[in-house]
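Trainee: I would like to practise reading a model feature by feature. Could we start with the backbone and work towards the whole fold?

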Amino acid sequence: MEAAAKTFFSSRLYAVAGASADKSKFGYKLLAWYDSRHLPVQPVTPSRPSIQVSSNNYSTVSSVGELESPSETSLSIVTQPHITLKVLREAKEAGISCVWMQPGSFDEEGLEYAKKEFKAAVGGNEGRAGEGWCVLVDGDEANHRAKEEKL
């Protein structure tokens, strides 16, 4: 899974499915994580046209299929498990090759689908947080390793 996490951060662009404007939700915290690291990120949510994070106002897309460059985008997912499988199928159809499913966002069917269908699929019960692979906890190390490899 560490190799998949490193591959995930080799992408040029990032998106967050399940992004939220509510600062108490993980969809916001995940978007803010990318923002604070100056990584190019696109929120995916059908519920609003934009999300403000710090001084940045991000335009949203309502589905993964609307991403501008899906083949260059790694997708973080922070949706309910019954929605995640739909998001994964849309991501595969759009040409996304790397996904990171946050703890609580997937069930066994979604995890197996992701492992089978994507070049890199991060998710499961490992990671440093003890609750599963989480961008907020494991992302900095994986991103650092990906950047080191590019040098």
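Mentor: Begin just after H2, where His38 takes a positive phi of about 55°. Bear in mind throughout that this is a predicted model.

Trainee: Where is His38 placed, and is His38 buried or exposed?

Mentor: Place the residue among the elements, then read its accessibility. His38 sits in the loop between H2 and strand E2 (41-44). Exposed means over 50% relative accessible area. His38 has 71%, so it is exposed.

Trainee: Which residue other than glycine, in the loop between E3 and strand E4 (56-59), has a positive phi?

Mentor: Ser54, with phi near 55°. Ser54 lies in the loop between E3 and E4 (56-59). Its relative accessibility is 58%, so Ser54 also falls in the exposed class.

Trainee: Now a loop residue of another kind. Is Ser105 buried or exposed?

Mentor: The cut-off for buried is under 20% relative accessible area. Ser105 has 1% and therefore counts as buried, although it is found in a loop, the one between E6 and helix H4 (108-117).

Trainee: Which residues is Ser105 in contact with, leaving aside neighbours within four places in sequence?

Mentor: Ser105 is in contact with Ile77, Val78, Thr79, Gln80, Pro81 and Thr84.

Trainee: Let us turn to H2 itself. Which residues of H2 are buried?

Mentor: List the buried positions of a helix, then pick one and follow its partners. In H2 the buried residues are Gly27, Tyr28, Leu30, Leu31, Trp33, Tyr34 and Asp35. Take Leu30 as the example: it belongs to helix H2, and its relative accessibility of 1% makes it buried.

Trainee: What does Leu30 touch, not counting residues up to four places away in sequence?

Mentor: Leu30 touches Val16, Ser76, Val78, Gln102, Val135 and Leu136. A C-alpha distance adds a second view: Leu30 and Cys134 are 104 residues apart along the chain, and their C-alpha atoms are separated by 9.4 Å.

Trainee: Val16 is among those partners. Leaving aside neighbours within four places in sequence, what is Val16 in contact with?

Mentor: Within H2, the contacts of Val16 include Gly27, Leu30, Leu31 and Tyr34. Elsewhere, Val16 is in contact with Val41, Gln42, Pro43, Val44, Leu75, Ser76 and Val78.

Trainee: Val44 appears there too. Where is Val44, and is it buried or exposed?

Mentor: Val44 is in strand E2, and with a relative accessible area of 6% it is buried. Its C-alpha is 4.6 Å from that of Ala17, a residue 27 positions apart from it in sequence. The contacts of Val44 beyond four places include Ala15, Val16 and Ala17, and also Val61, Ser62, Ser63, Val64 and Leu67.

Trainee: How do such contacts add up to a core? Which residues have the most contacts inside the largest nonpolar core?

Mentor: The idea is to join buried nonpolar residues through their side-chain atoms. The largest such core has 26 residues, and those with the most contacts inside it are Phe9, Val16, Tyr34 and Trp100. At least two residues each come from helix H1 (2-8), strand E1 (13-17), helix H2 (26-36), strand E3 (50-53), strand E6 (98-101), strand E7 (120-122) and helix H5 (135-150). H2 gives the most, with five residues. Apart from this core lies another, of 21 residues, including Val64, Ile96, Phe106 and Ala114.

Trainee: H5 is on that list of contributors. Is His144 of H5 buried, exposed or partly exposed?

Mentor: His144 is found in helix H5 and is partly exposed, at 48% relative accessible area. Its C-alpha lies 8.3 Å from that of Lys6, with the two positions 138 residues apart along the chain counted as their separation.

Trainee: And the whole chain: how many helices and strands does it have?

Mentor: The protein has five helices and seven strands, in the order α-β-α-β-β-β-β-α-β-α-β-α from the N terminus. Its radius of gyration is 14 Å, close to the 15 Å that the globule rule gives for 151 residues, so the protein is as compact as a globular protein of that length. Of its 151 residues, 48% count as buried.

Note on methods
Residues numbered from 1 in each chain as written. Predicted model: local features only at pLDDT ≥ 70, side-chain atom pairs only at ≥ 80, totals over all residues. Heavy atoms only, no water. Helix = DSSP H or I, 4+ residues; strand = E, 2+ residues; numbered from the N terminus. Rg over C-alpha atoms; globule rule 2.2 N^0.38 Å. Buried < 20%, exposed > 50% of the residue type's maximum accessible area, 1.4 Å probe, protein only. Core = buried A, V, L, I, M, F, W, Y, C linked by side-chain atoms within 4.5 Å. Contact = heavy atoms within 4.5 Å.
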